[in-house]
Amino acid sequence: MAKLRVGILISGRGSNMAALIEAAREPGYPAEIACVVSNVASAAGLEIAKKAGVAATALPHKDFADRESFDRAVSAELEKHGVGLVAMAGFMRIQSPWFPERWAGRLINIHPSLLPAFKGLNVQQQALDAGARLSGCTVHFVTPELDSGPIIAQAAVPVLAGDTADTLAARILRQEHRLYPRVVRWFAEGRIALNNGRVEVAGVPQGATLLFSAEP
Ligand code: GRF
């Protein structure tokens, strides 16, 4: 069966992108990484992608007159590579409503908190400031409203005494790298369905959409 072609949007270091590229190297993995697009030309992830033999393109958003014309250029690049799923991985550009509408049901993001708690930026600090005892990451469908689309899967980690935003972010990131490749696999296997705004994941063991790691 033909593999699902995935396009990844990044802005920076690209460790989630690298985790997806690594997962897709496994011969039985049902998806392949077709291209990586960054709105930041100096994003370290672009080099990682190129070294891995993945088509990587910088489209600096400043080169475009407005959000939607940038979004349309990104979309054209994804179409050029025959993408069937767009995975945002540390993509730091707010999009016009046009983009999530164009890719509705085929656009996912990973966010480093247990949504709907702690949206936006500096979310690990937000979790610490709130005294949360549990945090983690969420993979969700993207809708025009920021960090608010239907949740597909989450991974939870403890918030430990003495944590800083950096130590908590590192603990969460290790789980992001486990969770994102699983969700892309499920999507490629056609297991993920949206039903009245809620996500159903068919045929995976109960609990597979909630990982928990007690690792410090
Ligand atoms: C991750 O924490 C991701 O959840 C958030 O941005 C960060 C990107 O990290 N959206 P990386 O570029 O994948 O290393």
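I looked up the ligand shell first: Arg13, Gly14, Ser15, Asn16, Gly90, Ile110, His111, Pro112 and Glu176 surround the ligand (a residue is near if one of its heavy atoms lies within 4 Å). The model is predicted; local features need pLDDT of at least 70, side-chain atom pairs pLDDT 80 or more, while totals for chains, interfaces and linings use all residues. Residues are numbered from 1 along each chain, and side-chain values use heavy atoms, without hydrogens and water.

I sorted the shell by class: two nonpolar, five polar and two charged residues. Gly counts as polar, Pro as nonpolar, and Asp, Glu, Lys and Arg as charged.

Next, I checked polar contacts (pairs of N or O atoms within 3.5 Å). An N or O atom in the Arg13 side chain is 2.5 Å from a ligand oxygen. For Glu176, a polar side-chain atom lies 2.7 Å from an oxygen of the ligand. A ligand nitrogen lies 3.0 Å from a backbone N or O atom of Ile110. On its own the ligand has 370 Å² of accessible area, and the protein covers 86% of that (Shrake-Rupley method, 1.4 Å probe).

Then I asked where the ligand sits. I found the ligand in the largest pocket (more than half of its atoms lie within 2 Å of the grid points). A pocket here is an open set of points on a 1 Å grid where a 1.4 Å probe fits, with protein on both sides within 12 Å along at least five of seven lines; lining residues have an atom within 4 Å of a point. I noted a volume of about 980 Å³ for the largest pocket. Its lining has 42 residues, and Gly90, Phe91, Met92, Ile110 and Leu121 are the closest to its centre.

Technical notes:
Polar contact = N/O pair within 3.5 Å; in protein donor to acceptor, adjacent residues only side chain to side chain. Points joined across faces, edges and corners; volume = space filled by probe spheres on them.
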